[in-house]
Amino acid sequence: MPTTPERRTDLAGLPAPAPRSAPRSWVPHGWGLLFLAAGLWTMLGAVPGLVDPAAAYQRFHAGPVTEDVLVLFRGSSGQTFLFGVGYLVAAFAPRRHALVVALGGAGKAMYAVRLLSEAAAGQAGPLTLVAAVGDLAFVVAFVAFFASSTTARLRRPASTSPPAASP
């Protein structure tokens, strides 16, 4: 198999691996810092609900706590924990994990609306407004992330390479 300048091969005639670009950073940067913060913020809300669901529930909601409510609250805390892990993973490759960010952002928006409605009804715990405002701030930042992604895609010039020949 002859080699051409466009196609490098190794000694066995197999295509050589593509040259490596700069080594990947293990420190989040740019949008990754947002998702690192979102992961830590989310963990801050999830871990207490897993460790002591009754106390955590009282911090966010007013009213009586039943065993059924605590089972649901612990389950939602587990789900919240998993989204926190998802944000931490997204911190290192935000565009690759955009679906996790979109789903988590939708969850944050719905939970914030629920907390604000509880506050309006006088059923809020001491941390309700802090959690609602914090989650809404992340939702706004996630929207900015997706808007910048769309804007960057629209600004990208069209490819000038000819289409591949069909066999």
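## Exercises on a predicted model

Helix α1 covers residues 31-51, which is 21 residues, and it reaches 31 Å from its first C-alpha to its last, close to the 30 Å expected at 1.5 Å a residue. The model you are looking at is a predicted one, so let's work through it with that in mind.

**Exercise 1. Find where α1 bends, and list its buried residues.**

Solution.
- Step 1: Follow the helix axis to Leu44, where α1 bends by about 25 degrees.
- Step 2: Look a little further along for a proline; Pro48 follows within four residues of Leu44.
- Step 3: Now pick out the residues of α1 that count as buried. They are Gly32, Leu34, Phe35, Ala38, Gly39, Thr42, Met43, Ala46 and Gly49.

Keep Phe35 in mind for the next exercise.

**Exercise 2. Count the aromatic pairs in the structure, then trace the ones that involve Phe142 and Phe35 or Phe138.**

Solution.
- Step 1: The count for the structure is 8 aromatic pairs.
- Step 2: One of them joins Phe35 and Phe142, with 5.5 Å from centre to centre and 40 degrees between the planes. Planes under 30 degrees apart would be stacked and over 60 edge-to-face, so this pair is tilted.
- Step 3: Place the two rings in the chain. Phe35 belongs to helix α1 and Phe142 to helix α5 (residues 128-155), so the pair links distant parts of the chain, 107 residues apart.
- Step 4: Check burial, for which the cut-off is under 20% relative accessible area. Phe35 has 0% and is buried; Phe142, with 3%, is buried too.
- Step 5: Turn to Phe138 and Phe142, another tilted pair, with 6.3 Å between centres and 45 degrees between planes. Both lie in helix α5, 4 residues apart, about one turn of the helix. Both are also buried.
- Step 6: Zoom out to the wider network. Ring pairs link Trp31, Phe35, Trp41, Tyr87, Phe138, Phe142, Phe145 and Phe146 into a cluster.

**Exercise 3. Find the salt bridges, and say which parts of the chain each one joins.**

Solution.
- Step 1: Searching the whole structure gives 2 salt bridges.
- Step 2: Take Asp135 and Lys108, whose closest N and O atoms are 3.1 Å apart. Asp135 sits in helix α5 and Lys108 in helix α4, so this salt bridge ties together parts that are 27 residues apart in sequence. Both Asp135 and Lys108 are buried.
- Step 3: Take Glu118 and Arg114, where the closest N and O atoms are again found 3.1 Å apart. These two are 4 residues apart in helix α4, which means that about one helical turn separates them.
- Step 4: Recall the helix geometry behind that spacing: an α-helix has 3.6 residues a turn, so residues three or four places apart point the same way.
- Step 5: Compare the burial of the partners. Glu118 counts as buried at 10% relative accessibility, whereas Arg114 is partly exposed, with a relative accessible area of 41%.

**Exercise 4. Describe what surrounds Glu118 beyond its neighbours in sequence.**

Solution.
- Step 1: Locate Glu118 in helix α4, which runs over residues 98-120.
- Step 2: Set aside the neighbours within four places in sequence; Glu118 is then in contact with Phe60, His61, Gln123 and Ala124.
- Step 3: Add a C-alpha to C-alpha check with Ala62. Glu118 and Ala62 are 56 residues apart in sequence and 8.6 Å apart in space.

How values were computed: Residues are numbered from 1 along each chain as its sequence is written. This is a predicted model: local features need pLDDT of at least 70, side-chain atom pairs count only at pLDDT 80 or more; totals for chains, interfaces and linings use all residues. Side-chain values use heavy atoms; hydrogens and water are left out. The expected span of a helix is 1.5 Å times one less than its number of residues. The bend at a residue is the angle between axes fitted to the seven residues ending there and the seven starting there. Buried means under 20% relative accessible area, exposed over 50%, partly exposed in between (1.4 Å probe, protein chains only). Contact means heavy atoms within 4.5 Å. Rings of Phe, Tyr and Trp (its six-membered ring) pair if their centres lie within 6.5 Å; planes under 30 degrees apart count as stacked, over 60 as edge-to-face and the rest as tilted. A salt bridge is a side-chain nitrogen of Lys or Arg within 4 Å of a carboxyl oxygen of Asp or Glu.
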